[in-house]
Amino acid sequence: MTAVLIQADDFSGAAEVGQCFAAHGLDTRLLLSPDANTESAADVLVVDTHSRAVAPEFAGAASAAVFGSAAAASAGVLFKKIDSLWRGNIGPELAAISALGHHVVVAGALPQLNRTVVGGRPFADGVPLVRTDLWRAEPAAPPAEIAQLLGAGTSVRLAELSAVRSHGLAAFLADALSGTASSATPATVIVDGETPADLEAVADALLELAFSAGGRRIVLAGTGGMALLLAAKLGSNSARNAQKHVPQALTTAGGRRPVLAAVGSASAKAAAQLRNLEAGGFTALRIAPDELTRPEGFRPRLAEAQLLLAAGKPAALTVSAVVVNPRESGRIVRNLARLAAGAANGPERLTDLILTGGETAREVLDALGIRSLTPLVSVQHGAVVSLSDDGRLVGTKPGSFGNNDALTQLYSAIKDLRSSNSTPHSSLEPGAPMTSAVNATEQDTRPFIAVTMGDGAGVGPEVTVGALLDENAYRDCRPVVIGDVHRLQLGTKALGVEADIVEVETVGEAVFEAGRINVIDPKLLSADLPWGQESAEAGNAAYHYIRIACELGMAGQVQGICTAPLNKAALHKAGHIYPGHTELLAHFMGIEEVSMMLSTPKVKVIHVTTHIGLIDAINKIEPGLVERTVRRGHSAMQRAGIANPKIGVCAINPHAGENGLFGYGEEAEKITPAIEKLQADGIDARGPLPADTAFFLAGRGDYDLIVAMYHDQGHGPIKVLGIEAGVNITVGLPVIRTSVDHGTAFDIAGKGIVDVRSMIEALRQAAEMSPSPAAA
């Protein structure tokens with residue numbers, strides 16, 4: 001019997017929620033129609049009705065077909081995946097579900113992206129959705145209240161935050177829903193939510209009610225965040241440790257296959273991701289829109305793609321134009337999908353796929369006749385590799401999701417899956433994240449990373465826990481936390497998550513498996529340390545966490561360091577007078593000169609000077625320092641996989657001095673000689689550039705790295721362009737060090753609402769830029 005039946009209105013959403021359940025040990029299938037043949041009963045069925053952009057009446061009919069099916073009648077849990085920005089045909093779909101006689105509970109918050117519901121009103125980053133521009137591409141205005149999405153005859157109740165957090169939500173829902181048992185109209189309850197704990201309360205309440213009330217079934221309408229919590233609840237009660245079989249189509253594959261990518265998004269993000277694919281060996285075939293408006297226009301491209309794939313070479317298809325006529329976009333997407341399907345079914349019929357853009361992905365799958373898929377792994381949020389019913393590995397992601405490495409990581413995952421399953425002893429389990437639960441062996445080349453907890457009174461414990469519980473935490477590295485066990489346990493409680501936090505004496509004692517956090521604890525914090533208060537105790541502990549991490553690095557026991565934020569004032573209160581992390585690390589490792597690099601998905605910047613006054617910074621800048629800084633940045637970018645990075649060097653004065661109009665010739669004196677020497681050595685450094693121009697060009701992809709002359713020249717643009725996923729990297733140390741690009745955030749510490757994405761990215765980049773132990 002199916003345990004969970006889910007409807008999504010686009011394939012990206014279907015893959016996202018499907019992977020949530022698969023990663024928690026539940027046998028999951030993605031279906032492209034409600035009646036697709038799955039060959040065997042699965043724990044979780046996710047149906048993509050492909051109805052995000054269709055007429056409202058068709059969307060409603062699609063939802064009715066799913067929740068009125070035989071599978072729905074036998075399922076224990078019914079879930080409707082909705083968009084966290086409330087886009088699509090949510091109202092008609094929920095009305096159709098109600099018309100079947102089902103109650104509906106709407107829990108549409110997504111705290112992970114700071115999308116909340118308060119008083120029945122949707123918010124994004126604390127701003128009412130109706131006052132943002134997040135619906136700028138939609139034909140209608142966003143709702144001021146969620147109830148506006150529902151039909152006039154809908155019986156609506158609101159579960160406010162006080163009800164959600166009262167530990168009596170199940171009773172509240174039972175009363176709200178059962179009160180309509182004698183009515184012909186089922187009830188709809190809109191539930192407020194600000195934190196993961198709020199969503200967890202909803203999951204607990206509905207499981208307590210067993211998804212029924214007043215003689216009617218309950219359908220939960222929620223986001224991917226709601227699905228993740230529900231999956232964790234159901235997965236913990238499933239036979240997760242039972243022996244699982246590897247899909248036969250994968251084990252009998254006989255090694256790697258050529259991979260075809262179809263990039264259907266024209267976003268700058270997708271373009272950057274495609275460039276990284278090209279750097280990894282893909283041949284990109286960029287097709288003009290007019291070629292894709294008629295079948296005869298792209299036939300030569302079809303032959304070209306088939307020839308590459310037949311030779312075993314990876315190829316990518318995309319539209320060459322950034323702007324496409326909206327009236328032609330549908331035809332272009334369909335013909336790009338036809339082209340991709342034709343290439344995948346050419347002389348070489350065993351082609352794996354990478355599909356980006358939900359519309360493109362679904363069109364390609366339909367063109368190939370694929371009706372169901374099994375999610376296997378996730379490499380980033382929303383980026384999932386699945387096994388199709390015809391034996392292909394299919395990597396998919398929304399067009400604007402992920403960092404610049406998203407497509408290359410999907411490609412690596414496909415190659416790893418094929419390689420690992422070409423031997424008879426593979427232990428791959430469907431749904432497992434791309435992580436390893438093995439201890440150190442001679443074959444394990446993942447670097448050891450020391451993760452320092454930062455100031456224990458700030459958000460450090462929470463972001464540390466959040467990063468270590470991310471599904472990819474152990475994929476590329478073996479992290480060991482230097483921090484306080486009790487404080488980390490409080491961090492898990494604040495976030496509303498569970499973790500096995502284990503104290504170890506040495507790095508060698510650590511066991512690396514998902515859900516476990518290994519901690520070296522020097523016992524420096526008291527149990528009653530308050531959240532959100534500057535203290536010498538927390539400052540001193542943060543100082544010693546860094547000291548221990550540096551000692552491990554210098555001894556070769558770890559190959560990288562990833563740091564949660566410390567508080568400079570608390571550090572100084574404890575008698576440790578350093579401007580910040582960078583200088584503290586240089587002190588402990590005996591290094592005279594290091595550089596700060598800030599990294600975001602859009603822009604990377606390295607600083608010639610950092611924590612000194614502006615006048616002092618200008619006095620300190622000289623050609624030798626500029627040259628050494630650029631060389632450190634060039635080396636760091638090469639370690640990150642860019643063989644010949646393009647580096648833009650900022651000027652000091654406005655307009656780069658404009659031929660002496662501004663300043664006193666600082667550019668010619670302090671910067672130009674360094675650039676000339678670097679260029680003579682083959683380093684692609686250009687400038688001096690006006691800073692505003694340099695960051696604009698970098699933002700659109702012209703430069704891989706920008707060199708800023710002083711602190712605010714680099715920090716300002718970075719914080720505008722990408723602080724949510726920003727990472728601080730110290731280059732020039734014996735081991736790489738990365739850190740979040742935010743502070744201790746005392747005002748929200750211990751509340752479970754901190755954004756952990758920067759720490760996740762910091763750990764990922766530490767793994768990416770650190771050598772393996774064998775090479776260290």
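## Salt bridges

The count comes to 31 salt bridges in this predicted model. One of them joins the side chains of K233 and D204, with a distance of 3.0 Å from N to O. This pair connects distant parts of the chain, since K233 belongs to helix α8 (residues 224-236) and D204 to helix α7 (residues 196-208). The two residues are 29 residues apart.

## The sheet of 12 strands

How are the strands of the 12-stranded open sheet ordered? The order is β22-β23-β21-β20-β24-β31-β30-β25-β26-β29-β27-β28, and the pairing is mixed. The edges are taken by β22 (500-503) and β28 (685-689). Each of these has a single partner strand, so one side of each is left without a neighbour in the sheet. On average, neighbouring strands of the sheet are turned by 25° against each other, with direction ignored.

Inside this order, β25 (residues 595-599) and β26 (residues 604-607) run antiparallel and are joined by 3 bridges. Across this pairing, M597 of β25 stands opposite I606 in β26. Helix α22 (residues 666-680) packs on the sheet, where it touches β27 (647-650) and β28. The direction of α22 makes about 170° with that of β28.

Edge strand β28 also contains P688. The peptide bond leading from G687 to P688 is cis, with omega near 0°.

## The sheet of 3 strands

Another open sheet has 3 strands in the order β6-β7-β8, with antiparallel pairing. Its edge strands are β6 (115-118) and β8 (127-128), each of which pairs on one side only. Strands of a sheet pair through backbone hydrogen bonds, either parallel or antiparallel.

The pairing of β7 (residues 121-124) with β8 is antiparallel and runs over 2 bridges. Within it, A124 stands opposite V127 in β8.

## Helices α2 and α4

Two packed helices are described by the angle between their axes and the distance between the axes. For α2 (residues 56-67) and α4 (residues 90-99), the packing angle is about 40° and the axes lie 8 Å apart. An angle that is neither under 35 degrees nor over 145, and outside 65 to 115, counts as oblique; α2 and α4 are therefore oblique to each other. Their crossing is right-handed.

Which residues make the contact between these helices? On the α2 side they are P56, A59, G60, S63, A64 and F67, and on the α4 side P92, E93, A96 and I97. Sorted by class, the contact of α2 with α4 has 7 nonpolar, 2 polar and 1 charged residues.

The loop between β4 (77-81) and α4 holds W86. This residue is not a glycine, yet W86 has a positive phi of about 65°.

## Helices α17 and α19

Helix α17 (residues 536-554) packs with helix α19 (residues 581-589) at an angle of about 45°, and their axes are 9 Å apart. That angle makes α17 oblique to α19. What is the handedness of the crossing where α17 passes α19? The crossing is right-handed.

In the contact, α17 contributes Y543, I546, R547, C550 and M554. These meet H581, L584, L585, F588 and M589 in α19. By class, the contact of α17 with α19 has 8 nonpolar, 1 polar and 1 charged residues.

Technical notes. Residues numbered from 1 in each chain as written. Predicted model: local features only at pLDDT ≥ 70, side-chain atom pairs only at ≥ 80, totals over all residues. Heavy atoms only, no water. Pairing = 2+ DSSP bridges. Helix = DSSP H or I, 4+ residues; strand = E, 2+ residues; numbered from the N terminus. Axes fitted to C-alpha atoms, helices over the stretch in contact; angles between N-to-C directions. Left-handed = near helix turned anticlockwise from the far one by under 90°. Contact = heavy atoms within 4.5 Å. Nonpolar A, V, L, I, M, F, W, Y, C, P; charged D, E, K, R; others polar. Salt bridge = Lys/Arg side-chain N within 4 Å of Asp/Glu carboxyl O.
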